[in-house]
Amino acid sequence: MPCFNAVADLILWRRKNLTVGILLVTLAVWVVFERSGYTLLSLVSNVLLLLIVILFLWAKSAAILNRPAPPLPQLHLSEEMANEVKTFIRTRVNDLLSVSQDIALGKDSRLFLKVAAYLWIISIIGGLTDFLTLAYTSLFIVLTVPAIYERYEDYIDKYILKGYRKLCLLHLKINEQYVNKVHNWILEKKKLS
């Protein structure tokens with residue numbers, strides 16, 4: 001579990017230098033992408049192109065000058081690792097297909113409503129911003145909200161509880177004024193027919 005502790009320390013700002021460094025680097029990357037008009041795909045493509053050209057020229061010049069070729073690690077994917085990845089992906093895809101089938105056949109209405117709501121929210125957010133801005137904003141929220149909550153937990157809990165009580169009162173009020181009237185109207189219609 002040391003990996004989870006490191007992530008928790010990062011998110012809760014217990015390792016401030018690392019957290020600030022991550023925020024500043026991602027902010028710099030975001031600003032560069034926004035100002036230059038570059039996209040992530042074009043940047044990755046250009047960096048890989050530059051890398052492959054450098055390695056190619058290095059290897060060709062090394063052969064001409066009787067120098068050693070560029071040191072590259074032996075890149076190899078073992079059969080065992082490929083099978084593990086294959087099994088992991090297959091089980092996840094099968095789980096997704098099973099849930100999708102349940103939704104499509106109308107077996108789980110509650111899950112359908114949740115999925116539809118999430119997809120609708122994602123669609124709205126996607127229409128308002130681009131992926132890079134969304135990713136930076138999400139990282140910023142993940143790295144700041146838990147630390148702020150941990151520091152001001154008592155105050156936040158007090159206001160959340162107050163807001164929850166007000167929402168419960170509003171729910172009761174709406175239920176009494178509107179929902180019960182509609183319910184009674186439906187019952188009267190059934191009695192008349």
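What is the helix content of the chain over residues 17-33, and how far apart are the end C-alpha atoms? In this predicted model, residues 17-33 are 100% helix and 0% strand, with end C-alpha atoms 24 Å apart.

**View 1. Residues 17-33 and 39-59, the spans of the "transmembrane region" annotation in UniProt (unreviewed entry).** The span 17-33 is 100% helix. Residues 39-59 are 95% helix and 0% strand. The end C-alpha atoms of residues 39-59 are separated by 30 Å.

**View 2. Residues 7-163, to which UniProt assigns the feature "domain: Reticulon" (unreviewed entry).** Helix accounts for 82% of this span and strand for 0%. The C-alpha atoms at the two ends of residues 7-163 lie 31 Å apart.

**View 3. The largest pocket and its lining residues.** The volume of the largest pocket is about 150 Å³. Its lining consists of Leu12, Trp13, Lys16, Leu143, Thr144, Ala147, Ile148, Glu150 and Arg151. Helix α6 (residues 131-151) provides the largest share of this lining, with 6 residues. Sorted by class, the lining comprises 5 nonpolar, 1 polar and 3 charged residues.

**View 4. The packing of helix α6 against helix α7 (residues 153-192).** The axes of α6 and α7 are 5 Å apart and form an angle of about 95°. Angles of 65 to 115 degrees count as roughly perpendicular, and α6 and α7 are therefore roughly perpendicular to each other.

**View 5. Residues in contact between α6 and α7.** On the α6 side, the contact involves Ile148, Tyr149, Glu150 and Arg151. These residues meet Glu153, Ile156 and Asp157 of α7. By class, the contact has 3 nonpolar and 4 charged residues, with no polar residues. Ile148, Glu150 and Arg151 of α6 are also among the residues that line the largest pocket.

Notes:
Residues numbered from 1 in each chain as written. Predicted model: local features only at pLDDT ≥ 70, side-chain atom pairs only at ≥ 80, totals over all residues. Heavy atoms only, no water. 1 Å grid on protein atoms, 1.4 Å probe; cavity = no way out; pocket = protein on both sides within 12 Å on 5 of 7 lines; lining within 4 Å. Points joined across faces, edges and corners; volume = space filled by probe spheres on them. Helix = DSSP H or I, 4+ residues; strand = E, 2+ residues; numbered from the N terminus. Nonpolar A, V, L, I, M, F, W, Y, C, P; charged D, E, K, R; others polar. UniProt positions renumbered as here; feature names shortened; annotations may be inferred. Axes fitted to C-alpha atoms, helices over the stretch in contact; angles between N-to-C directions. Parallel < 35°, antiparallel > 145°, perpendicular 65-115°, else oblique. Contact = heavy atoms within 4.5 Å.
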